[in-house]
Amino acid sequence: MSKTKQAVRIDEHIIEIVSDSGEGAQKAGQTFGTISAKMGNGVWTVEIIPAEIKPPARSPAGASGIRIRLGSHYITNMGNAADIVVALNEQVLYSRIATHAYKRGTVVLLENKWLTDPNPEIIKQYQSAVAEFRENGLVVLEVPMEVECLKLTPRPRLGKNMFVLGMLNHIYSRDMEKAYREVAFTFQRKGQKVIDLNHKLLQAGYDFAKENIDYHYDIPLWREPDSKDPLIVTNGNQAMGLGVMASGMDLVSMYPITPATSASHYLADVYHQVGGFVHQAEDEIAAVGFAIGSSYAGKTACTITSGPGLALKTEFIALAVMAEIPLVIGVVQRGGPSTGLPTKVEQGDLLASLYGEPGDAPKIVIAASTIEECFHFVIMARKLAETFRTPVILLTDANLGTGVQPYPRPDAKAEWLAAPIDQSPWEKDVPPFDWNEETGLSSRPIVGQPGGEFVLTGLAHTKQSKVAYDRDSNQRGCNMRSRKLAALYGTLKAPEIHGESEGDILVVGWGSTLGAIEEAVDQLQNEGHKVSSIHLRFLSPLEPGLKEIFSKFKNILTIEINYSDEADAPLITSGNRRYTQLAMILRAQTLVDVDCWSNVHGQPIQPGLIYDELIRRLKN
Amino acid sequence: MFGLKADWSVDIKERYFALGDYAGGEARWCPGCGDHAVLTVVQRICRDNQLPPEMTVAVSGIGCSSRLPHYMGTYGFHGLHGRALPVACGIKSRRPELDVWVATGDGDCYSIGAGHWLHAVRYNMNMTVLVFDNNIYGLTKKQTSPTTPLGFKSNTHPQGAILAPLNPLTATLGISNVSFLAQTVDWNPAHLYATIKAAHAHKGFSLVNIIQRCPVFSEQLSKDLQDNPSKLLLLTHENGIPIEEKLLRFFPNTQEHDPSNMSEAYDIATNLSPAPIGLLYHDPEVPCYEELSSMGNNMGVEDKLAGINAALDQFAV
Ligand SMILES: Cc1ncc(C[n+]2csc(CCOP(=O)(O)OP(=O)(O)O)c2C)c(N)n1
Ligand SMILES: [Mg+2]
């Protein structure tokens, strides 16, 4: 191999680090992403997480790691096949290959210590895998990572990730000063000795790549490194946690569940800075009940969960609808049904959010489609919850929750914070549900307001909150609660169309697929195809103007990560086909023959797959 | 209602609350139901302590007994079956100044809400929890409850209850942070009053198991105790529930029991008959969860904005 070589200029690259879990691949990748974002590249990172904490070593199912997409432009999704992969063993690559993570020509920097393993079986596995990978077009470079790390530490398993980071830093011409700073920050709690060792490993990896690896790239910056418009880099769950703080909420009441928990981990660390409190309840039912109690007493609260937790919370959510208690419920969706795919993405909780409760339980449902929206939508959700005196479900998913991206630093404002609670006397003759006939809206007495004493109940009730024994009261209560959604609908704008407002196909999406859908649509538009897209943030009520928008396109297609029958699957007819969740709602609401395309592989949908599917449809 | 303050100015209490201030809708329990007696006592204690109605919240689950908030003139929260305690704890979490009462049933608390009962004892938030224990599901018409005695016939066990009953007293004593546990009967107004009053005065989670008459579905059970006071064991102690000398004659069995003595409390609680009446356990020193959960409660806008900005700084590029 040659020595110093000229860096090749590229527009973007996708890098993966995969290993057994516990080898620090994610830490290395996150640090790499942060360094790159701080330098001014567009970045998206997404974790590759095995479902088990300690899966067997060297097993395809145990693949753990991270994907980083770097570019000289703003990056909105995880992209298609990777360009360079660092793998700490060969077995974990099999599961990535199975998910189409790689292509012919993908470069694999593979730990080669297995070649000298005392177990001949492992040596055989390694050799046959390498041969197979090469046969399938992967460019395998065997790298003595263990040997190199052993020069610096007797326990290379713990430090190899920094060696990997060092290699990638050279390959992608990263700013090593920033790298040193990030590594020191990462290990700040572990003491100077640990920092020093990791710095040495980082440098060793860098030097090794400089001497021995031919690949060397330069990715022009998307923005000035020290630009005046500041950015922050977070994942979606941290963004949600920051949103909770910036919205002035008093309390997060939660029960641990993947992939939502890290939002609460983050808050548990910093929430005291704004006087907030994370309550870990005994179960999800108690978690939402506690939040409802707090909110009933005037202190704004939210609960953050995922599908199975949402299922347990339904009875309380219905109470919050019935008794008009403001409440924010964050749902970081994962694969279902049941325990499903705990660490993987799905958009499968839309209908459960809308219709999960027995009886009619109208509530506001919104979905964030970027990491930045995970922040801002919490603030919006709190305001909506209070203005409309209702629970608001904010949907995100595992892809947003664990994806990391730089975005404009929010400028925290006093008006985002919840107002202090009103303790002034309540006019005695104003009922606790003083429904405005037209909007269903009313303001609520808060405990402590003299004259406002009333008994909140989940039973059908009159506007005095008295248990209703007559035939009209339940009808009226339902009317009033439903009318609030109509009132909100009246304030919403039609969705913006990405592309021309007429054409052959209109793609409709919601949630984390935004970046991938728009990337695919952009490519098709550049090639002259008449394809546009819209992306919904409000799911209940739906955004206005959909029917008019749909009327200008020959075909309407939702792309979602939840189950649908393929139209041409065995036994499937137009009479029994089960559509994706958004498609079902759109069909019901617009009476337009909306089609859908989806999968439930537990993966973010790649823009390339969307492109291929749209091309197939354009040809038909 | 006058008082002299330290600076000699006269403090006139502007508001005086009468019993009527604590009365809500007319109680719709059956005639002879023990719930009436408890409601009356709760209202009297509110009056005697002059609790401002707007600062008082009655929280309940679902069941006959859980209708109590509707009959109070305070704020109230009539929520879900089994879930009174999480709501009550949430109310208290950021508003520790509120006076929180919980009305719950033997099914509501010890069956569907059992998990919350265990954990609420651990949280030890300052509230008065009244379990209306009629040994039966009343509202849903006579199903076996966790405290239904073995062999008692109900609509779900027409041949008689097949499981030994759960003992809420020993179970509660087994939970860490337990700070106040008492038992009383609804048909002795003086003891009922004194017990609930002591529970309310305790700073922490006070659980009172009230043996309650259900004249419709489990009348024999309470009648047996009413007719045979020897089936009750009155606990006496200077730190226990104060009881007037003249009432002692109603209780042929008494035992001196120091409520700080946990192992003796446990021994007493283990015996279902005679049923102990009085204060089983009291520890005024257990910390209350709301001391943690309400921290930062009154932080000002400037400080909050500074806190948010500090958090954002951590992620700055
Ligand atoms: C989730 C749910 N399950 C069941 C019920 C039906 N239910 C209402 S009250 C009750 C039992 C009440 O018994 P208890 O708590 O002892 O109260 P009591 O009526 O005896 O005072 C049941 C089973 C319900 N309301 N909600
Ligand atoms: Mg009962």
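**Notebook: domains, chains and ligand 1**

I began with two parts of chain A: about 2000 Å² is buried between domain 2 and domain 3 of chain A, and carbon and sulfur atoms give 62% of that area. I noted at once that this is a predicted model.

**Entry 1: domains of chain A**

I looked up the bounds next. Chain A splits into domain 1 (8-218), domain 2 (233-416) and domain 3 (503-619). How far apart are the C-alpha centres of domain 2 and domain 3 of chain A? I found 26 Å between them. Then I checked the residues in contact. Domain 2 of chain A brings 27 residues, and domain 3 of chain A brings 22.

**Entry 2: chain A against chain B**

I turned to the contact between the two chains. I reminded myself that an interface's size is often given as the accessible area lost when the parts come together. For chain B and chain A, I read about 4900 Å² buried between them. Carbon and sulfur atoms carry 65% of that area. Which three residues supply the most of the area that chain B buries against chain A? I wrote down B:Y75, B:F315 and B:V317, which supply 17% of it, more than any other three residues. I also looked up how many residues take part. The contact uses 64 residues from chain A and 54 residues from chain B.

**Entry 3: where ligand 1 sits**

I went to ligand 1 and found it between chains A and B. There are 16 residues around ligand 1. The ones that come nearest are B:C64, B:S65, B:D106, B:D108 and B:G138. I sorted the shell by residue type: 8 polar, 5 nonpolar and 3 charged. Which helix gives the largest share of the shell? I traced that share to α3 (residues 106-112) of chain B, with 3 residues.

**Entry 4: backbone atoms and ligand oxygens**

I listed distances from oxygen atoms of ligand 1 to the protein backbone. For B:D108, a backbone N or O atom lies 2.7 Å from a ligand oxygen. For B:L139, a polar backbone atom is 2.9 Å from an oxygen of ligand 1. For B:I136, I noted 3.1 Å from a backbone N or O atom to a ligand oxygen. How much of ligand 1 does the protein bury? Taken alone, ligand 1 exposes 590 Å², and the protein buries 77% of that.

**Entry 5: backbone geometry in loops**

I finished with some backbone angles. The peptide bond from A:T258 to A:P259 is cis, with omega near 0°. I placed A:P259 in the loop between β10 (251-254) and α9 (261-270) of chain A. The bond from A:G336 to A:P337 is also cis, and its omega is near 0°. A:P337 sits in the loop between β13 (327-333) and α12 (350-355) of chain A.

In chain B, I looked up B:Q50. Is its phi positive or negative? I read a positive value, near 50°, in a residue other than glycine. I found B:Q50 in the loop between α1 (35-48) and β3 (56-60) of chain B.

Definitions and conventions
Residues are numbered from 1 along each chain as its sequence is written. Chains are lettered from A and ligands numbered from 1 in the order in which they are written. This is a predicted model: local features need pLDDT of at least 70, side-chain atom pairs count only at pLDDT 80 or more; totals for chains, interfaces and linings use all residues. Side-chain values use heavy atoms; hydrogens and water are left out. A residue is near a molecule or strand if one of its heavy atoms lies within 4 Å of it. A polar contact is a pair of N or O atoms within 3.5 Å; within protein, one must be able to donate a hydrogen and the other to accept it, and residues adjacent in sequence count only if both atoms are side-chain atoms. Accessible areas come from the Shrake-Rupley method with a 1.4 Å probe; for residues, only the protein chains shown count as cover. Helices (H or I, at least four residues) and strands (E, at least two) are DSSP runs, numbered from the N terminus. Ala, Val, Leu, Ile, Met, Phe, Trp, Tyr, Cys and Pro count as nonpolar, Asp, Glu, Lys and Arg as charged, and the others, Gly among them, as polar. Domain bounds come from an automatic or database domain assignment. Contact means heavy atoms within 4.5 Å. Buried area is the accessible area (1.4 Å probe) that two parts lose on being put together, summed over both.
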